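Thank you for making time this morning. I would like to walk you through one model, starting from a single loop and then moving outwards to the pockets and the chain as a whole.

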Amino acid sequence: MPEDYDFPRFGVGQHLISVGQFDRENLGELFDLAEFLRPIAQRKQICTVLDGAVLCSLFFEPSTRTRLSFESAFLRLGGEVETTTGFTFSSMAKGESIADTSRVVSGFTDVLVVRHPDAGSVAEFARHSVVPVLNAGDGSGEHPSQALLDVLTMRKELGKRGKTLDGCTIAIMGDLKYGRTVHSLMKLMSLYEGVTFRLFSPPSLELPWEIAEYAISRGGKVIDCDNQIEALEGADTVYATRVQRERMTEELAKSKELQGCLLDKAMLEEAGAHEIIICHPLPRDSRPNALDLSTDVDDLPGLSIFKQTDNGVLVRMAMFLTTMGVSKELVQAKTKHKIWKVTPEG
């Protein structure tokens, strides 16, 4: 992220570029709003509070969950969505600058959601936009909305076990170098007290020092571990990440060090982590030897990866309402129970 970019506290009319724009107060407010919106996210209620508002969804990098989650969130609030994906279908393929693209497109819409393969690029969009810009991932930089849904999920699942985010221990394993979800998660979790991060990564994919330094400077404890079992010791949650092969050289991507299994049921059993909360930002690479989370954990009680995706819709709804200055009272006034019911056949 460019050093001269100012990170104002996230609120009405503000861009959301980094998790650094949150403190405990406005993060709590966002989570409270997200939980308030859960019936709408689950389609138990219908809301039209953003009737007439237009979202422009600009994804210059492949995405399934993030793009559809943002767009679903806006549609559930009654808004309209315009979308474009990839450079091929944008004027940037003709050499148009980010500055020109941002100024033009923001004139057509009320809010922008942007994903771009270059770190710092979404901040550049924000500089030239006339409407709020929400960061949906900028290269190996940050992915703030993913961190928000991750932390909300962990908070909820820890609460079921009588625990809190303060004082928790998180095992983080996989691609810690290029994994922007890890970078944003550790920064956001640094708002909580006494958090311990137990890290494991293959050689060459270690966590950038500046991320560890950020967590340590805010009272967190960062422990580098030699293997997965060691990382799992005493952890309340494990956060596994896919190897970002698209961000590295072909030689490294195909190396033997990046093959095998990252985390499976046998490892959890060896570590005695039978009830651990299992998180993953997805997509999960389920191909053999992909060095990712095994599908054999899918029947474990702590599996939370699909709870994360569900929570992504309501978190992103809360982001839209916050930057657009829409109160809970206005949401209530524009919400009604749905009148249809779908019953699966058979």
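**A loop, two pockets and the overall fold**

Let me begin with Pro283, which is found in the loop between β10 (277-279) and α12. Please keep in mind throughout that what you see is a predicted model.

The peptide bond that joins Leu282 and Pro283 is cis, with an omega of about 5°. Leu282, which lies in that loop between β10 and α12, also has a positive phi of about 60°, although it is not a glycine. Both points deserve a remark, since most residues other than glycine have a negative phi, and most peptide bonds are trans. Leu282 counts as buried, because its relative accessibility is 16% and the cut-off for buried is under 20%.

Further along, Asn289 has its place in the loop between β10 and α12, and it too has a positive phi of about 60° without being a glycine. Is Asn289 buried or exposed? Asn289 is exposed, since its relative accessible area is 51% and the exposed class begins over 50%.

Leu282 brings us to the largest pocket, because this residue is listed, together with Arg65, Thr66, Gln146 and Pro281, as lying nearest the centre of that pocket, whose lining has 40 residues. The elements that give two or more residues to this lining are α2 (38-41), α3 (65-76), α6 (144-160), α7 (180-189) and α12 (305-323). Which of the elements gives the most to the lining? The answer is α12, with 9 residues. The volume of the largest pocket is about 750 Å³, and for those of you thinking about chemistry, its lining residues divide into 17 polar, 15 charged and 8 nonpolar.

The second largest pocket has a volume of about 260 Å³ and is lined by 12 residues, of which Gly141, His183, Lys187, Glu210 and Ile211 lie nearest its centre. Here α7 and α8 (209-217) each supply at least two residues of the lining, and the largest share, 3 residues, comes from α8. By class, this second lining has 5 nonpolar, 4 charged and 3 polar residues.

Let me turn from the pockets to a helix. In α5, which covers residues 121-128, the buried residues are Ser121, Val122, Ala123, Phe125 and Ala126. As a reminder, an α-helix has 3.6 residues a turn, so residues three or four places apart point the same way. The buried residues of α5 pack against two strands that you can find on the screen, β4 (111-116) and β5 (133-138), and also against β2 (54-59) and α4 (98-106).

Finally, the chain as a whole. The protein chain has 13 helices and 11 strands. Its radius of gyration is 20 Å, close to the 20 Å that the globule rule gives for 346 residues, so the chain is as compact as a globular protein of that length. Taken along the principal axes, the C-alpha atoms fill a box of roughly 55 × 50 × 45 Å. Of the 346 residues, 56% count as buried, and the accessible surface comes to about 15,300 Å², of which 50% belongs to carbon and sulfur atoms. Among contacts with a separation of 6 or more, 77% are accounted for by residues 24 or more positions apart.

To close where we started, the cis bond is the one between Leu282 and Pro283, and Leu282 is among the residues nearest the centre of the largest pocket.

Terms used: Residues are numbered from 1 along each chain as its sequence is written. This is a predicted model: local features need pLDDT of at least 70, side-chain atom pairs count only at pLDDT 80 or more; totals for chains, interfaces and linings use all residues. Side-chain values use heavy atoms; hydrogens and water are left out. On a 1 Å grid over the protein atoms alone, a cavity is a set of points where a 1.4 Å probe fits but cannot get out, and a pocket is an open set with protein on both sides within 12 Å along at least five of seven lines; lining residues have an atom within 4 Å of a point. Grid points are joined across faces, edges and corners, and a volume is the space filled by probe spheres set on the points. Helices (H or I, at least four residues) and strands (E, at least two) are DSSP runs, numbered from the N terminus. Ala, Val, Leu, Ile, Met, Phe, Trp, Tyr, Cys and Pro count as nonpolar, Asp, Glu, Lys and Arg as charged, and the others, Gly among them, as polar. The radius of gyration is taken over C-alpha atoms; the globule rule is 2.2 Å times the number of residues to the power 0.38. Buried means under 20% relative accessible area, exposed over 50%, partly exposed in between (1.4 Å probe, protein chains only). Contact means heavy atoms within 4.5 Å. Accessible areas come from the Shrake-Rupley method with a 1.4 Å probe; for residues, only the protein chains shown count as cover.
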